[in-house]
Amino acid sequence: PLELGPSAPQTPHSRSAYGHAWVDEYSWMEGARPSADMSQLLSQEVAHYRRTLQQLGVTGLKQKLMREMEGAWEEAEQPPSPPEVWGAYLYYTQDDEGGGVALLRRRAPPAAHSSNKQQQLEDQ
């Protein structure tokens, strides 16, 4: 059986705002800098995570999943963004096929095309 992970201590602290009052048991986790208690809790959680993966026999699972996700991201072709109207043109971004750079492109809106203009483009 798998063991339960560490649980954060609860230290009740009364709070109120906009006419509502409540008790926040985890207010000790607030702050710009982690406290010694928070650092200890996080260390315990990481150790528990590693023990659990080892017990399940999936210690390499994280690395395998990351490689799969990175590969899928590299292989996936990103569709162009939805066009936005700026002045007389539609602008959109599309990834460059080789460099991973987003290119800003523009085209005339469909309403601006007439059959004559399309014909002239086809004849050229």
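# A walk through the chain, starting at a turn

Tyr18 sits in the loop between E1 and E2. The model is a predicted one, and this loop is a good place to enter it. The phi angle of Tyr18 is near 55°, a positive value in a residue other than glycine. Most residues other than glycine have a negative phi. Tyr18 is also exposed, because its relative accessible area is 82% and the cut-off for exposed is over 50%.

The turn belongs to a hairpin. E1 and E2 form it, with 2 residues between them. The two strands run antiparallel. They are joined by 5 bridges. One pairing can be picked out by name: Ser16 has Ala21 in E2 as its bridge partner.

Now step back to the whole chain. It has 124 residues. It contains 3 helices and 5 strands. Read along the sequence, the order is β-β-α-α-β-β-β-α. The hairpin strands E1 and E2 are therefore the two β elements that open this pattern. Two α elements follow them in the pattern.

How much of the chain is buried? Buried residues make up 10% of the 124 residues. The chain exposes about 10700 Å². Carbon and sulfur atoms supply 54% of that area. Contacts can be sorted by distance along the sequence. Take those with a separation of 6 or more: residues 24 or more positions apart account for 16% of them.

Charged side chains come next. The structure holds 3 salt bridges. Two of them involve Arg15. Asp24 forms a salt bridge with Arg15, and their closest N and O atoms are 3.1 Å apart. Glu30 forms a salt bridge with Arg15 too, with the closest N and O atoms 2.7 Å apart. Where do Glu30 and Arg15 lie? Glu30 is in the loop between strand E2 (20-24) and H1, while Arg15 is in strand E1, so the pair ties together parts that are 15 residues apart in sequence. Salt bridges that share partners join Arg15, Asp24 and Glu30 into one network.

The members of this network can be placed by their accessibility. Arg15 counts as partly exposed, because its relative accessibility is 22% and buried would need a value under 20%. Glu30 is exposed, with a relative accessible area of 52%.

Another salt bridge spans a longer stretch of sequence. The side chains of Arg51 and Glu3 meet in it, at 2.9 Å from N to O. This pair links distant parts of the chain, 48 residues apart. Arg51 is in helix H1 (residues 36-56). Glu3 is in the segment before strand E1 (13-17). Both ends of the bridge are partly exposed: Arg51 has 36% relative accessibility, and Glu3 has 38%.

Helix H1 meets that early segment through another residue. His48 lies in helix H1. Is His48 buried or exposed? It is buried, because its relative accessible area is 15% and the limit for buried is under 20%. Which residues does His48 touch, once its neighbours within four places in sequence are left aside? His48 is in contact with Glu3, Leu4, Gly5 and Pro6. Glu3 thus appears twice in this account, in contact with His48 and in the salt bridge with Arg51.

Stay on H1 a moment longer. Gln55 lies in this helix as well. Gln55 counts as partly exposed, at 46% relative accessibility. Gln55 and Pro1 are 54 residues apart in sequence. In space, their C-alpha atoms are 9.2 Å apart.

The next stop is helix H2. This helix covers residues 61-75, and Leu65 is found in it. Leu65 counts as partly exposed, at 38% relative accessibility. Leu65 also takes part in a nonpolar surface patch of about 350 Å². Which residues make the patch? They are Leu61, Leu65, Met66 and Met69.

To retrace the route: the hairpin of E1 and E2 holds Tyr18 in its turn. Arg15, Asp24 and Glu30 form one salt-bridge network. Arg51 in H1 is paired with Glu3 in the segment before E1. Leu65 in H2 belongs to the nonpolar patch.

Key:
Residues numbered from 1 in each chain as written. Predicted model: local features only at pLDDT ≥ 70, side-chain atom pairs only at ≥ 80, totals over all residues. Heavy atoms only, no water. Salt bridge = Lys/Arg side-chain N within 4 Å of Asp/Glu carboxyl O. Helix = DSSP H or I, 4+ residues; strand = E, 2+ residues; numbered from the N terminus. Buried < 20%, exposed > 50% of the residue type's maximum accessible area, 1.4 Å probe, protein only. Patch = residues over 30% accessible without salt bridge, like charges linked within 9 Å, V, L, I, M, F, W, Y side chains within 5 Å. Areas by Shrake-Rupley, 256 points an atom, 1.4 Å probe, with all protein chains shown as cover. Contact = heavy atoms within 4.5 Å. Pairing = 2+ DSSP bridges.
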